[in-house]
Amino acid sequence: MPSFPGFIGDSNPTQSVLGGFEQTINMLVEKNSPTDVGALLPSPGFKALTTVAGDVGTRALIYANGRAFALIGLHLWEFLSDWTPVQRGSVAVDANPGQMAYNGIGGQIGIASGGSVYCFTLATNVLSAALLTGGYTHLVYAAGFGLAFNINTGRTLLSNLNDMSTWNAGTFFARSLFADPAQAIFVDANNLVWILGQDTFEVRYNSGTGTQPFVPLSGLIGRFGIAAPFAFGFNGTGNFWLASTPDGFDQVVQTNGSIPQSISGHGVSTAIAGYARANKISDAEMLTYELEGHNHAVLFFPSAQAVMPSTPTTWNVDTDTQSWTQRGRWANGAWNVWAPRCHTVAFGKHICGDRATGTIWQMDTSFSTDVDGNGIRRVRRAPMINAEHARRPIDRSEE
């Protein structure tokens, strides 16, 4: 039986259909050796663990000190080990993801939601009133400090050391090496604070000096900004974001030895350019997770999906192999954005929350159903066999 070259492979939406419009949807490519042709393995499915009453839309998850929390709708929810939901207080809400960070010996979870900052104290189960308001979109923890970033002012406020219930408006840092406005911050595995602007990035570290000890790290700067404030993530293989520079906005970058390098290739960049053309990419989001030895970064384009129902606009990259495939939920004859919006590991399970319900889901490759209870549609569209119009008969296939 003749072989079908390229039957197993990534999604690769080239500009020319004759060039080979490949698609791999709700599957991933696994190769066990450089010479292995590979296998197509299933993306994870979902099983409901619990549903909260009266709230929909999960915007953040965290597992801290043996306890699981979520921002769902207008409230902070805790889930006990048997998945019983307990409402812990109210928060502001907007269309953006929420942010939660645990400060360890401080015994607190800092929360950014709806432009405001809150503090939940684990020992007392008390959620504070809003401590900061008006444009605080990102909140992280680094070297004992809570860091709250305000996208309107470009300033990142510091909490007191080991105390995210106290913030001083006069203790902050702002971009100093480049002029383009800051859009997002995150803290990597080395406790470095990355500040992503519209066109460039810079990195700060804790110098241990002064009331505001975070200073620029010499040499770790570059021309990759971020195209959407929440389109970033990090895992054991590096940091990732949807990049923007003065020259373009359709690359995904991964840090290699702290230096960002493009990993998206022409096919994925072609797709991203199409999303920007059809609608917008400024509301793109990213989720990262590790499952069964594969590290994943999932990039969502919800506005593009709303106007492009014929193809999934959620992209997944296996960050170990840089293999790109697509994700999506098939319903009513159209593709919808892949359901998970946030993820964490809690009580020995991969859990996630979605945009439309108040349900917490277990995510696992042993499940074959999507969040609507229907089977997951999986697609592999292989490249054309084009040998100068010569016929190449394939009368059977083997699995």
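This section describes the pockets, cavities, nonpolar core and aromatic pairs of a predicted model.

Rolling a probe the size of a water molecule over the atoms shows where empty space is left. The largest pocket encloses about 1,100 Å³ of space. Its lining comprises 33 residues, and those closest to the pocket centre are Leu61, Met100, Phe234, Thr288 and His343. Two or more lining residues come from each of strands E5 (58-64), E9 (99-102), E13 (136-142), E17 (182-187), E22 (232-235), E26 (285-291) and E32 (340-346). Strand E26 gives the most to this lining, with 6 residues. Sorted by class, the lining of the largest pocket consists of 20 nonpolar, 8 polar and 5 charged residues.

The count of cavities of 30 Å³ or more is 2. The largest cavity has a volume of about 50 Å³. Its lining is formed by Asp94, Asn96, Pro97, Ala112, Ser113, Gly114, Gly115, Tyr136, Thr137 and Phe230. At least two of these lining residues are supplied by strand E10 (108-113), and at least two by E13. Strand E13 also gives two or more residues to the lining of the largest pocket. In the largest cavity, the lining residues divide into 4 nonpolar, 5 polar and 1 charged.

For the second largest cavity, the volume is about 40 Å³. Residues Asn26, Gly328, Arg329, Trp330, Asp370, Asp372, Asn374, Gly375, Ile376 and Arg377 line this second cavity. Here the division by class is 2 nonpolar, 4 polar and 4 charged.

The largest nonpolar core contains 21 residues, and Leu242, Val252, Leu299 and Phe301 have the most contacts inside it. Strand E23, helix H1 (265-278), strand E27 (294-300) and strand E28 (314-318) each supply at least two residues of this core. Helix H1 gives the most, with 4 residues. Beyond its neighbours within four places in sequence, Leu242 is in contact with Gly225, Ile226, Ala227, Ala231, Phe249, Gln251, Val252, Ile272, Ile281, Ala284, Leu299 and Phe301. Thus the contacts of Leu242 include Val252, Leu299 and Phe301, which are listed with Leu242 among the core residues with the most contacts inside the core.

Strand E23 spans residues 238-245 and includes Thr245. Thr245 counts as buried because its relative accessibility is 13%, below the 20% cut-off. Not counting residues up to four places away in sequence, Thr245 touches Gln198, Asp199, Arg223 and Phe224.

A pair of aromatic rings is described by the distance of the centres and the angle of the planes. The model has 17 aromatic pairs. The ring centres of Tyr63 and Phe347 lie 5.3 Å apart with the planes at 80°, so this pair is edge-to-face. The pair links distant parts of the chain, 284 residues apart: Tyr63 belongs to strand E5, whereas Phe347 lies in the loop between E32 and strand E33 (349-354). Tyr63 has a relative accessible area of 33% and is therefore partly exposed. Phe347 is likewise partly exposed, at 25%.

Trp194 and Phe201 form a stacked pair, with 5.4 Å from centre to centre and 25° between the planes. Both of these residues are buried. Trp194 and Phe201 also belong to a cluster linked by ring pairs, together with Phe186, Phe232, Phe234 and Trp241. Within this cluster, Phe234 is one of the residues closest to the centre of the largest pocket.

Definitions and conventions
Residues are numbered from 1 along each chain as its sequence is written. This is a predicted model: local features need pLDDT of at least 70, side-chain atom pairs count only at pLDDT 80 or more; totals for chains, interfaces and linings use all residues. Side-chain values use heavy atoms; hydrogens and water are left out. On a 1 Å grid over the protein atoms alone, a cavity is a set of points where a 1.4 Å probe fits but cannot get out, and a pocket is an open set with protein on both sides within 12 Å along at least five of seven lines; lining residues have an atom within 4 Å of a point. Grid points are joined across faces, edges and corners, and a volume is the space filled by probe spheres set on the points. Ala, Val, Leu, Ile, Met, Phe, Trp, Tyr, Cys and Pro count as nonpolar, Asp, Glu, Lys and Arg as charged, and the others, Gly among them, as polar. Buried means under 20% relative accessible area, exposed over 50%, partly exposed in between (1.4 Å probe, protein chains only). Contact means heavy atoms within 4.5 Å. A nonpolar core is a set of buried Ala, Val, Leu, Ile, Met, Phe, Trp, Tyr and Cys residues joined through side-chain atoms within 4.5 Å. Rings of Phe, Tyr and Trp (its six-membered ring) pair if their centres lie within 6.5 Å; planes under 30 degrees apart count as stacked, over 60 as edge-to-face and the rest as tilted.
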